[in-house]
Amino acid sequence: MELTPQQLSQYNGTDPSKPIYVAVKGRIFDVTNGKSFYGPGGAYALFAGKDSSRALAKMSKNDEDVSPSLDGLSEKEIGVLDDWEKKFEAKYPVVGRVAS
């Protein structure tokens, strides 16, 4: 499955009939099992329905960091992102990619 960023935004947890997706480095993970974190009101709800690679790399919850852009990240931040990606891989199924 390939989704545009606009299509991905529909999977942000606000429609209970749809799964919740978070993309990391362009890969879309179904995080519905983590609804308490990624659903409305959850600690990571701002990542739902988006590619949140930059915010994860920077350990940031600022809206402007919720972006697929890896430009200007340090090696350490890229390492943090790789760790997040491994956590997602271990916990959630990959359901597709974000169309570039």
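In what order do the four strands form the open sheet? I looked this up first and found the order S1-S4-S3-S2, with mixed pairing; strands here are DSSP runs of E with at least two residues, helices are runs of H or I with at least four, both numbered from the N terminus, and two strands pair if DSSP finds at least two bridges between them. I kept in mind that this is a predicted model, in which local features need pLDDT of at least 70, side-chain atom pairs count only at pLDDT 80 or more, and totals for chains, interfaces and linings use all residues. Residues are numbered from 1 along each chain as its sequence is written, and side-chain values use heavy atoms, without hydrogens and water.

Next I went through the pairs. Strand S3 (residues 27-30) runs antiparallel to strand S4 (residues 94-98) over three bridges, and I noted arginine 97 in S4 as the bridge partner of arginine 27. S2 and S3 are also antiparallel, over four bridges, and tyrosine 21 stands opposite aspartate 30 in S3.

On S2 I checked the side chains: Tyr21 and Ala23 point one way, Val22 and Val24 the other, and all are buried (under 20% relative accessible area, with exposed over 50% and partly exposed in between, for a 1.4 Å probe and protein chains only).

Last, I looked at backbone angles. Most residues other than glycine have a negative phi. Lysine 25, in the loop between S2 and S3, has a positive phi of about 50°, and at 33% relative accessibility lysine 25 counts as partly exposed. Methionine 59, in the loop between helix H3 (53-58) and H4, has a positive phi near 50°, and at 59% methionine 59 counts as exposed.
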